[in-house]
Amino acid sequence: MDGSDTADDAPPISSDYSIILDLPPSCVEFSPSHPDCFVVGTYYLKPESGASHTTSIQQEDDQIEPPAQDRRGSLMLFNLTDERLALRHNVHLDYAILDLHFTPFRKGIFAIATSLGTVCLCTMNIQGTGPIEIVNTYEIFPISSLVLSLAWNRELSHSDTIAASSSDGRIAIFDSKYQPPMTYTKTEAHSLEAWTLAWTSKGAEDDLRPELYSGGDDSVLCRHGLSVRPVSGSLDEGNIPSHGYDFQAPFRDTKIHMAGVTAILPLQPVFHGEQILLTGSYDEYVRVLMPIDGYSRPKILAEERLGGGVWRLKILDFEAPDRGRGPVFRVLASCMHAGAKILEVRRSDGGKWLISVLAKFVEHESMNYASDGRPRYGGRGVEGFIVVSTSFYDKRLCVWKTKVCS
């Protein structure tokens, strides 16, 4: 890294809607089965006596004593159309939410990460209008730990398997079809907070081997090899076969990132057996990496400074290689104090990877931790994107559109 200013010539975009929430937003995601619906998770930590503002997510390092603190949050279900933004349901909780993700395999099912060391499985009706109901709570980590991130295993057909990371650096994997989870396994991965997780896989389609990447506040990118073991359990309707995982010795890279690793996004699908990762960091950079293979270090294929710590990354759109042109990914980045940005990450004909900023939204006046978006379709396919982005301290939620075309 050369420490230069960001290469960002994209004009700023104005919001279509802007509202103030009751509590600070920490995560947001559109429902894959109801593209006009999204859920917002919120996080509030009552300030210590004499404190002047809500504690931010990344400032938990020196004050993780949940039983002595007052955390709370909520789940808010919104409906979004071209004409209006409507709050359909609001569930108030006696704990805070740090992450949430829908499963792509079952309609209306999503998991949330809580400030009490638990993961909760939630549902909403098939119309996507609410109500939100919490159907299972899994005690994964001690109550003194915060669950910081979640990742459903989308690589294999194990649609009920979830990985979770904690504020004390641990990683856990469990099967959410059981209560209590019967295929639970855990390992110590990082010396500080384990901020992010991502599943990948290796091998041929008929012999895929799962892997799990994690990133921590210790600036470490970690690859966890996993071995799959068959197990069986029973539910009311009878025995259901499942799979468990055993952690193998991890490989850790401490050289690539100059600060905490906060986002890991596999650029799927895999091309010709090649795995590519896009990572984000507190050091303000996104990086395209050839990931860890065996015991060799990852290789930086491209990097770009975005002007803010890169808290989350989400693929909005993908164009497959065609007639000598390499793959193209359009990615939404939540850039903390630099707002939200839409990136184009592409591989050229010659195999070189490039990162450029297509659009940016800078109306937020505090930390942008949570953003999500979806394509806007027209007669010729994807015409642009509609994005929901938020800011933490001012509790603002904004809706904006781009005209980024295929």
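Trainee: Let's begin with the largest pocket of this model. Which strands each supply at least two residues of its lining, and which gives the most?

Mentor: In this predicted model, strand E2 (25-31), E7, strand E11 (147-152), E15, strand E20 (261-266), strand E24 (312-319), strand E25 (328-334) and strand E28 (371-378) each supply at least two residues of that lining. One of them gives the most, with six residues, and that is E24.

Trainee: Of the residues that line the largest pocket, which are the closest to its centre?

Mentor: The largest pocket has a volume of about 1200 Å³. Its lining holds 46 residues, and the closest to the centre are Glu29, His101, Arg154, Leu265 and Lys314.

Trainee: How many residues of that lining are nonpolar?

Mentor: The lining of the largest pocket divides into three classes. Eight residues are charged and nine are polar, while the nonpolar ones number 29.

Trainee: Back to E7, then. Which strands stand at the edges of its sheet?

Mentor: The sheet is open, with four antiparallel strands in the order E7-E8-E9-E10. A strand at the edge has a single partner, so one side of it is left without a neighbour in the sheet. Those edge strands are E7 (97-102) and E10 (133-139).

Trainee: And what does the twist in that sheet average from one strand to the next?

Mentor: Inside the sheet, E8 (residues 109-114) and E9 (residues 118-123) pair in the antiparallel sense over five bridges. In one of these contacts, alanine 111 has leucine 121 of E9 as its bridge partner. From one strand to the next, the twist averages 20°.

Trainee: E24 also belongs to a sheet. By how many degrees are neighbouring strands of that sheet turned against each other on average?

Mentor: E24 sits in an open sheet of four strands, ordered E24-E25-E26-E27 with antiparallel pairing. E24 and E27 (353-361) are the edge strands, each pairing on one side only. With direction ignored, the average turn between neighbouring strands is 25°.

Trainee: Which residue of E27 is the bridge partner of glutamate 344?

Mentor: E26 (residues 340-347) and E27 run antiparallel, and eight bridges join them. In E27, the partner of glutamate 344 is serine 356.

Trainee: What is the centre-to-centre distance between phenylalanine 361 and tryptophan 400?

Mentor: A pair of aromatic rings is described by the distance of the centres and the angle of the planes. Here phenylalanine 361 lies in E27 and tryptophan 400 in E30 (residues 396-401), 39 residues apart. Both are buried. Their planes are 5° apart, which makes the pair stacked, and the centres are separated by 5.0 Å.

Trainee: How many of the eight residues of E16 are buried?

Mentor: E16 (residues 209-216) pairs with E15 (residues 194-202) in the antiparallel sense over eight bridges. Alanine 194 stands opposite glycine 216 in E16. Strand E16 is mostly covered, and its buried residues number seven.

Trainee: One last residue: is glutamine 275 buried or exposed?

Mentor: Glutamine 275 lies in the loop between E20 and E21 (277-281). Its C-alpha atom is separated by 8.2 Å from that of lysine 202, although the two are 73 residues apart along the chain. The relative accessible area of glutamine 275 is 12%, and the cut-off is under 20%, so glutamine 275 counts as buried.

Technical notes: Residues numbered from 1 in each chain as written. Predicted model: local features only at pLDDT ≥ 70, side-chain atom pairs only at ≥ 80, totals over all residues. Heavy atoms only, no water. Pairing = 2+ DSSP bridges. Axes fitted to C-alpha atoms, helices over the stretch in contact; angles between N-to-C directions. Buried < 20%, exposed > 50% of the residue type's maximum accessible area, 1.4 Å probe, protein only. 1 Å grid on protein atoms, 1.4 Å probe; cavity = no way out; pocket = protein on both sides within 12 Å on 5 of 7 lines; lining within 4 Å. Points joined across faces, edges and corners; volume = space filled by probe spheres on them. Nonpolar A, V, L, I, M, F, W, Y, C, P; charged D, E, K, R; others polar. Phe/Tyr/Trp six-rings, centres within 6.5 Å; stacked < 30°, edge-to-face > 60°.
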